[in-house]
Amino acid sequence: MKPILFLFFLSMILTCSAQETLNQNTLSKEHKTRSEKMQRLMHELDNVMYKQNRSELERDDERRRYLIRLSEKLELMSDKIKKIIQNRSDDDQKVFLAYTDTLGDQGKKIKVLANNYQFEEVEPVIQETLDLCKSCHDGFNVDNSVLSHYK
Amino acid sequence: MKPFFLIIFFLTCKGIASNHDDIEILKKRVSSLESKQNSMIKATQVQVGGRVQLDITTAWPEGSLTPGGIPLKKEGEDGQLGANIRDSRLWIKSKTPSGIGMVRTVAEVNFYGESGNEINKNAHGVALRYFYVALGDFKAGQANSLFTTYITPITLVYPLNHTFARQPLLAYSYEYSSVFTYDFSLEQPESYLSDPSGSQITPQDDQVPDLLARVRYYPSWGRMACAGIARYIVQDRARLSDGTQLENRDALWGFGLNASAKINLYALDNLYFGLQYGNAIGRYFTINAYSDGRLDSAGKIKLNTMLGTLVGYQRWWTSILHSNIVYTRTSIEEGNENAEDTTDTSEAWQINLIYSPIKNGRIGVEYAYGNRELLNKESGDMRLVRLQIRYDF
């Protein structure tokens, strides 16, 4: 192979892999941003009782709205983050996809409970979801600091 | 070897059969649990709750932080201390699934009824706040008016432009999408006028309900709400405060707007805005500081136009410690020549620090400064400090 062709192919391979790394980083950043948005959502949900000029039913409507928003974000996140793992081994990908699918299911569960105003049953589901996130982060050596704010 | 294989075969079959039995038992248990759960969901669920709230307030001079309550110069005494639990609340709510949606009810009271003495009993009377039923998107009973400010920063004393009413109403909400909701209501009318001597009267001649519409918007960057109101202000041979009965009838349509918004800033911080404007917002606005309009000596109605504004910043120092700094201003844009002692403009600053060491509990301290000027140019100001301890259960 001529050196010029070799250099051309090498540069193509490097560009593609750099693009791939860039995409991975963008996806990871997006995942972090979504986590921060959910952190705000959870914080506002915790403080619904302090909203002024609300009856208890209006507060329940607020809780329902926040939880539906949260469930939508979880479902969206479970779809989006599937691509983060693309350059890992097949086994890792299988485990990660199981995590993301469960995350989506948790989102659906929260939506059903919120629509039935069963808020007392939502808290364990949220805790399960947090445990799921922590377990995934631990398994893939990801920083857990974002999750520490969910307390 | 054969007997050994036969034994293995027998044990395997037994195992399969026993597993099969276990599965059947488990299936029965699951279906019984499901039916139990379904029957629980179908039943009415009742929940009782409330809040305990202790307010300790001292002011220089004594007065209240409302456009009509800020003391004028040389009025009131300094540093008087007051404590009460009157804004504590009790509520009971229920929910019952039905074929056309969840039926929910709520009744809530506070202790702003008849005032008890502070000598030894402090037996304040119970006062009704809410009592209504919500069926799916419909609501009927005594609830918050749609004109009540929807988005406000957290203050321990209500801001000057506090806009609210709790009254009998019929309301319908339409959730257009997860970010847009439209609300419509017909609410109890009540014309609230200044008579020629400047006293405030309620003629009790109303014929048309207050008509309200509101849009709520929940984008990812914050939230907004805007309510519009149309009111038919009427007097029909009204009796004035001096006992004189007018001999005519007069009526006018008036309108108003109440917009509020919250913008998400860095981390958990927020920026708040509020705007109230209109010529028919009097009785909803600033806790009775203004009337809807005034009557001349011939019994003709002229409406008062008012403006309220709010800007606030909420700073979360940590997830359990936060502060709010809020500026509010109110003014009467047109009227009320019947009463020169009506507040022309008022403004206030409030700053607080609120700590929530446990879930549902908080302790906060707030400093407020307010001033006002009357139409006759008399003026006054006050400072106030409030400590509040609150626990929701």
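Modeller: One definition before we start. A residue is buried under 20% relative accessible area, exposed over 50%, and partly exposed in between. Take Arg231(B): its relative accessible area is 1%, so it is buried. And remember that this is a predicted model.

Colleague: Got it. Which side chain does Arg231(B) meet in a salt bridge?

Modeller: That of Asp292(B), at 2.8 Å from N to O. The two sit in distant parts of the chain, 61 residues apart. Arg231(B) is in strand 12 of chain B, residues 222–236. Asp292(B) is in the loop between strand 14 (270–278) and strand 15 (293–295).

Colleague: And Asp292(B), buried or exposed?

Modeller: Buried, because its relative accessibility is 0%.

Colleague: Why would such side chains pair up at all?

Modeller: Side chains of opposite charge can pair when their charged atoms come close.

Colleague: What does Asp269(B) form a salt bridge with?

Modeller: With Arg315(B), where the closest N and O atoms are 2.7 Å apart. Asp269(B) is in the loop between strand 13 and strand 14, and Arg315(B) is in strand 17 (residues 305–318), so the pair ties together parts 46 residues apart in sequence. Asp269(B) has 3% relative accessibility, so it counts as buried. Arg315(B) has 25%, so it counts as partly exposed.

Colleague: Which residues do salt bridges with shared partners join into one network?

Modeller: Glu56(A), Arg59(A), Asp60(A), Arg63(A) and Lys93(B).

Colleague: How many salt bridges does the structure hold over all chains?

Modeller: There are 30 over all chains. The count between chain B and chain A is ten.

Colleague: Let's see one. Which side chain does Lys262(B) meet?

Modeller: That of Glu44(A), in a salt bridge of 2.6 Å, N to O. The pair crosses between chains, from strand 13 of chain B to helix 1 (residues 3–46) of chain A. Lys262(B) is buried because its relative accessibility is 4%. Glu44(A), at 14%, is buried too.

Colleague: Another one? What does Glu123(A) meet?

Modeller: Lys359(B), with the side chains in a salt bridge at 3.3 Å, N to O.

Colleague: Zoom out. How many residues are in contact between chain B and chain A?

Modeller: On chain B there are 50, and they touch 28 of chain A.

Colleague: What area is buried there?

Modeller: About 3,500 Å², with 40% of that from carbon and sulfur atoms. On the chain B side, Arg104(B), Arg223(B) and Leu268(B) lose the most area. Together they give 16% of what that side buries.

Colleague: How many residue pairs are in polar contact between the chains?

Modeller: The count is 28 pairs, with both residues at pLDDT 80 or more. Several elements give two or more residues to the chain B side, including helix 1 (2–42), strand 4 (101–110) and strand 13 (249–264). Strand 4 gives the most, with five residues. The residues of that side divide into 19 nonpolar, 17 polar and 14 charged.

Colleague: Now chain A. How many helices and strands?

Modeller: Five helices and zero strands. Of its 151 residues, 46% are buried. Look at contacts between residues at least 6 apart in sequence: 64% join residues at least 24 apart.

Colleague: Show me one residue there. Where is Leu74(A) found?

Modeller: In helix 2 of chain A, residues 56–80. Leu74(A) is buried, because its relative accessible area is 4%. Beyond neighbours within four places in sequence, Leu74(A) is in contact with Met38(A), Leu103(A), Gly107(A), Ile110(A) and Thr129(A). Leu74(A) and Gly104(A) are 30 residues apart in sequence, but 6.0 Å apart in space, C-alpha to C-alpha.

Colleague: And in chain B, where is Ser88(B)?

Modeller: In the loop between strand 2 (80–84) and strand 3. Ser88(B) is buried, with a relative accessible area of 7%. A polar atom of the Ser88(B) side chain lies 2.8 Å from the backbone nitrogen of Gln53(B).

Colleague: Last topic. How many disulfides over all chains?

Modeller: Zero. Take Cys136(A): the nearest cysteine sulfur is that of Cys133(A), 7.5 Å away. A disulfide needs the sulfur atoms within 2.5 Å. Cys136(A) counts as buried, because its relative accessibility is 12%. Cys226(B), at 27%, counts as partly exposed.

How values were computed. Residues numbered from 1 in each chain as written. Chains lettered and ligands numbered in written order. Predicted model: local features only at pLDDT ≥ 70, side-chain atom pairs only at ≥ 80, totals over all residues. Heavy atoms only, no water. Contact = heavy atoms within 4.5 Å. Buried area = accessible area lost by both parts, 1.4 Å probe. Salt bridge = Lys/Arg side-chain N within 4 Å of Asp/Glu carboxyl O. Polar contact = N/O pair within 3.5 Å; in protein donor to acceptor, adjacent residues only side chain to side chain. Helix = DSSP H or I, 4+ residues; strand = E, 2+ residues; numbered from the N terminus. Nonpolar A, V, L, I, M, F, W, Y, C, P; charged D, E, K, R; others polar. Buried < 20%, exposed > 50% of the residue type's maximum accessible area, 1.4 Å probe, protein only.
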